[in-house]
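Colleague: I would like a close look at one part of this model, with the neighbouring details of the backbone set beside it.

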Amino acid sequence: MSASIERRLRLLLGEDPGNYWEKTANLQLGYWGERAVGQLFYAYELSKVNGGRYNPEIEAALSVVEDGKAKDGIVGQATALRVEETLQPLSAEAKSYDVLCVSHAHIDMNWMWSWDETVAVTLDTFRTMLALMDEYPQFTFSQSQAAIYRIVEQYAPDMLEEIRRRVREGRWEVTASHWVEADKNMPNGESLTRHLLYTKRYLAKLFGLDPDTLNLDFEPDTFGHSINVPEILASGGVKYYYHCRGNEAPALYRWQSPSGSSIVVYREPTWYNDSIQSVLGAYVPSVCGQTGLKTYLNVYGVGDHGGGPTRRDLERIADMQTWPIYPKLRFGTYGEYFALAETIADRLPVVTGEQNFVFTGCYTSQTRIKTANRVGETALYEAELFNAIAAAEGGAAYPGESLEEAWRGVLFNQFHDILPGSGVLETREHALGLFQNTMASANTDRKLALEKIAASIDTSALAIPGGGDKSSDRSSDRSSNRSSDRSGDTSAGAGAGYGAKSFQVTQIERGGGSTRIVHVFNPSAFEREEAVEILLWDWNTPVKTLAVKDSQGRAVPHQWLDQGRHWYWNHDFMRLLAYVKLPACGYATYTVSEGEAELRPFVPNDPRLDEEQVYVLENERLRVAFNPIDATVTSMLVKSTGEELVDPARPAGLFRWIQEDASKSMTAWWIGRYMKVESVHRDVVIKKGTWGEVRQSLQYEMAFGRSRLKVTVSLDRDSARLVYDVECDWQEVGNAASGIPQLNFLWPFAYRSEAYRYDVPFGVIERPALAHDVPANRFAHAVPAGAGQSSILLATSNKHGFRGTDDSLAVSLIRSSFDPDPYPEQGNHHKFTLALSVVGLDAEANQAKLIEAAARLQHPPTVLSGTAHAGTRPLDGSFLKLAAGAATVSAVKMPEERNSPQRWIVRVYESEGRRADVKLALSREVAEAWWVDAHERRLVPDGEKIAVEGAEVSFELPPYAVRALCVAFA
């Protein structure tokens, strides 16, 4: 009988739509026809969840409609009233359901328009909402995103006062716990935590709210949701989550993170941008059957470009409240609905894992925006770390306001249409402008903190006995065309601004002469031993060899990176590579001076014999061989085990030109089917690069399409990492006819892998082999199927779209999508770095080591020019070290409430899934340490104690947990 009713309902609509109730919105039924049909659909769905109990009444009502329509040609008032009378036996059951109508205005940040239009959309929408509140006393409105309220505060402060009044009344619900409705895959865990920290502080102050009431993360349009979102939200006091994309889970469920933290989630079963339609009743019985509540959440309001609910919506709600065979309708808030959900939270189905994948092209589109995000996160981590050190160690002022404003720029650009690259030209322009402001603050704060720390280092021991310092030349050390007077030394002050273009701390010279003092800073909580680049500005003693020494006067391996001088704003510099050892979260001091030996005079080096041309990079750990024709890698030998990691039949290090099928449209969002895959290794020009005891490198160039690729591959001393520094002059354009061009990097390997690990916010996730792009923060690791096998980790400086399948790792580098921005990449000079690390047995068993390997690429040491002077600190020093425990330090900062410069906030997380016994070694005695939440408020977690002994802090970190502690120094 149900099949018969459904067939008649479909015929009533004039055709046979698969989703019949959605079709009603597109039919011109007139008021009475829509009223009758809306109640009939609701009655039918109500009968279905009651085992067909009301089918006789529904069939009779259908006959009334069919007869009336045949007689009058329409469903008029008389027919509609007879339908309601026929369905009267359903009235009590119909009114047992409740529809909570919650209005909002989805406002996309600069999606298809410029910033000024976003401001206009916001203010226009809010003026409409305030006017409707004056006209309809029962009307309520909900609005997310702290950035939206910041717009009102900046551009319409009078309107802000009106909103405050409605907030106090309870009619304007502030649903923002994040700065924007952000992407949940590409920002790192620290960014997602800062959304909570800065948003709740800002809105609580702006509206006089209790921060704990801001407990909803409203993410209707976000493109997928990473696995640790529940952990991050729970730590920030967020209990509830609203989303639309990412899964087909029940409408109401509990989402549990690997740590066991959970939140209550509502998955929008219809859509988040909708008007009030008679059809909405048809969803109520089945959705309520899923949720276990008799209340249905109906989210309505024009969105994307704002607008929100209209007078038409409010009038329809008022009218539909009078329909006899319909749920009860009322205005309400998300808070009301989730309060009801809380009453049945322990009975909700539990969902685990990530809620992906949606719009895989968004992991690559608009590469410059993604670079800005990664660089901004990196610079802010280091700026906070070194400023916290400068404040605690030397009493320096902590630039909290500057850092927060810089963070706001990063967080704004993480909006789900900005960072994913699904915006227009104006979107990109504004994002990159914000990025420039962010870096002006972050790099300035980082540099000033480093200089303050350097000023406290006692370098007086490096001074020449009898006066002056080692940066002062003696006449015997001068070249013949120089005076012994310091007035001839032009190096001090050389290099102003150098390094900013590559987003690094600027490399200005503060010393001078033929001996230079250099401080090298390590931002990582682990010790490092690696090569760093030192610039020698206006070095005027080229006839001498060099001596690089550590703080104990021991010689340090070094080499010139290239021969000759480079000119920069009336100064010159030479590049030196030194192999240095660095304490954790600290610094080491080195000197560069003239050696004792003279450089050998030039001797003609014409060959006496022709030798075989071999392209091999080799150090103590690896031997990597390259094809002499196309520069692909044919062998990667692990010297300690004899393992061969590359199958010569499947050469690695392959740059590929891919043509994607564009027929699916929305090319910024979707990676199309691969139509053509070609190697770009044709007509390759290969040459030997730098070669010495610290680094060996090869350089090659090749052209493809209208673009050109320049690659430097290097292997450093005692390193298990092969590094690709890539420059690409990209001139490819996508279109509907030819498809979407993509540059891709592929590394097949010689072992079998059925699972791949990727770093995600505050952790690592293992996924099966998948033949489509998946998101990661920084790396992909091919897990070997056999025990004891060395393996490959691919890390990137600024890429997010990885593909692990067919015993290979690939990363999408550049894509020329063409909508909505027709030329997102063309003409850009792209620079990025790829690192292939050989993972040993220790790192394979410890995922923190994988994260550490990627961090080495992301956070290179920083070099700072120094001078000889008195100070209180030794030449080498560590401020914080992860002395024990497989954990990762994600932040070191001063508390937002800076009532004492002697406190740090340290955030750590566990990624292996095992309890970690963590010990932090600090440079000063600790008086006390306690747990804090994401808002830096004191916590007392059950069973999680912190032990303090001298300068060491020890604690247990539960599996997969994210924890923050406040450390108070003595």
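Is Met-666 buried, exposed or partly exposed?

Modeller: This is a predicted model, in which local features need pLDDT of at least 70 and side-chain atom pairs count only at pLDDT 80 or more, while totals for chains, interfaces and linings use all residues. Residues are numbered from 1 along each chain as its sequence is written, and side-chain values use heavy atoms, with hydrogens and water left out. Met-666 is partly exposed, because its relative accessible area is 29%, where buried means under 20%, exposed over 50% and partly exposed in between, with a 1.4 Å probe and protein chains only. The residue lies in the loop between strand E22 (654–660) and strand E23 (674–679); helices (H or I, at least four residues) and strands (E, at least two) are DSSP runs, numbered from the N terminus. Its phi is near 45 degrees, a positive value in a residue other than glycine.

Asn-110, which is not a glycine, also has a positive phi, of about 60 degrees. Asn-110 sits in the loop between strand E1 (98–103) and helix H7 (115–135), and this residue is buried, with a relative accessible area of 0%.

Two cis peptide bonds belong beside these phi values: one joins Asn-356 and Phe-357, with omega about 5 degrees, and another joins Asp-819 and Pro-820, with omega about 10 degrees. Phe-357 is placed in the loop between strand E10 (350–352) and helix H15 (367–394), whereas Pro-820 is found in the loop between strand E35 (808–815) and strand E36.

Terms used
Contact means heavy atoms within 4.5 Å.
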